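User: Please take a close look at the charged side chains in this model. Which are exposed or buried, and what do they pair with?

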Amino acid sequence: LPNTAGVAPGAVVEGVYVLPGVPDEMKAMFEGVAGEFSGEETVSRTVDVDEPESELIDRLSELRERFDVTVGSYPGDSVRVKLTATDEATVDDAARWLSSRVDLVEDAE
């Protein structure tokens with residue numbers, strides 16, 4: 001891929017776009033290929049939950065029934081629940097709903 005902002009390489013390999021890590025160069029390179037991507041823009045919010053993933057199943061099921069969002073669950077030291085939709089208000093409402101029904105991870109300072 002041509003790099004109009006620097007010298008970092010970029011390429012397309014079997015439909016996978018590899019862009020440079022230098023932010024200005026990555027943005028310039030992406031602008032050159034942005035038209036090749038399609039689909040609706042999405043919005044995501046993350047809720048960090050301090051409960052085992054296995055205990056969230058009922059609440060995550062109810063969340064999906066109530067809100068038109070995609071739900072991803074990523075366990076680790078805590079469970080990161082990622083909510084994604086095309087409507088920002090829907091994602092915000094779903095995040096508030098879930099946050100009020102789980103034990104949230106407290107910010108460590």
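**Charged side chains and their partners**

Analyst: Glu106 is exposed, with a relative accessible area of 71%. Exposed here means over 50% relative accessible area, so Glu106 falls in that class because of its 71%. The model is predicted, and what follows holds for the model. Glu106 sits in the segment after helix H3, which spans residues 88–99. Together with Asp50, Glu55 and Asp103, Glu106 forms a negative surface patch. Residues of such a patch must have over 30% relative accessible area and no salt bridge.

One member of the patch, Asp103, leads to a glutamate in another setting. The backbone nitrogen of Asp103 lies 2.7 Å from a polar atom of the Glu51 side chain. Glu51 belongs to the loop between strand S3 (43–49) and helix H2 (57–66). The relative accessible area of Glu51 is 12%. The limit for buried is under 20%, so Glu51 counts as buried because of its 12%. Glu51 also has a charged partner: Arg59 forms a salt bridge with Glu51, and the closest N and O atoms are 2.8 Å apart. The side chain of Glu51 is thus placed by two descriptions, a backbone nitrogen of Asp103 at 2.7 Å and the salt bridge with Arg59.

The structure holds five salt bridges. Among them is one between the side chains of Arg66 and Glu62, with an N to O distance of 2.9 Å. Arg66 and Glu62 are four residues apart in helix H2, so about one helical turn separates them. Glu62 has 33% relative accessibility and counts as partly exposed.

Helix H3 offers a second pair within one helix. The side chains of Asp93 and Arg96 meet in a salt bridge at 2.5 Å, N to O. Because Asp93 and Arg96 are three residues apart in helix H3, they are separated by about one helical turn. The two ends fall in separate classes: Asp93 is partly exposed at 35% relative accessible area, while Arg96, at 53% relative accessibility, counts as exposed. A further set of residues, Arg45, Glu88 and Asp92, is linked in a network of salt bridges.

A buried acidic side chain can also be found without such a partner. Glu25 is located in helix H1, residues 23–33. Glu25 is buried yet has no salt bridge, and the nearest side chain of opposite charge, that of Lys27, is 13 Å away. What the Glu25 side chain does have is a backbone nitrogen, that of Val7, 3.4 Å from one of its polar atoms. Val7 and Glu25 are 18 residues apart along the chain, and their C-alpha atoms are separated by 8.1 Å. Val7 itself comes from the segment before S1, and Val7 is exposed, with a relative accessible area of 80%.

The last residue to note is Glu14, in the loop between strand S1 (11–13) and strand S2 (16–18). Glu14 is exposed, at 81% relative accessible area. The phi of Glu14 is near 50 degrees, a positive value in a residue other than glycine. For comparison, most residues other than glycine have a negative phi.

To sum up the two buried glutamates: Glu51 has a salt bridge with Arg59, whereas Glu25 has no salt bridge.

Methods
Residues are numbered from 1 along each chain as its sequence is written. This is a predicted model: local features need pLDDT of at least 70, side-chain atom pairs count only at pLDDT 80 or more; totals for chains, interfaces and linings use all residues. Side-chain values use heavy atoms; hydrogens and water are left out. Patches are made of residues with over 30% relative accessible area and no salt bridge: like charges are joined within 9 Å, nonpolar side chains (Val, Leu, Ile, Met, Phe, Trp, Tyr) within 5 Å. Accessible areas come from the Shrake-Rupley method with a 1.4 Å probe; for residues, only the protein chains shown count as cover. A salt bridge is a side-chain nitrogen of Lys or Arg within 4 Å of a carboxyl oxygen of Asp or Glu. Lys and Arg count as positive and Asp and Glu as negative; His and the chain ends are not counted. The place of a charge is taken as NZ of Lys, CZ of Arg, CG of Asp or CD of Glu. Helices (H or I, at least four residues) and strands (E, at least two) are DSSP runs, numbered from the N terminus. Buried means under 20% relative accessible area, exposed over 50%, partly exposed in between (1.4 Å probe, protein chains only). A polar contact is a pair of N or O atoms within 3.5 Å; within protein, one must be able to donate a hydrogen and the other to accept it, and residues adjacent in sequence count only if both atoms are side-chain atoms.
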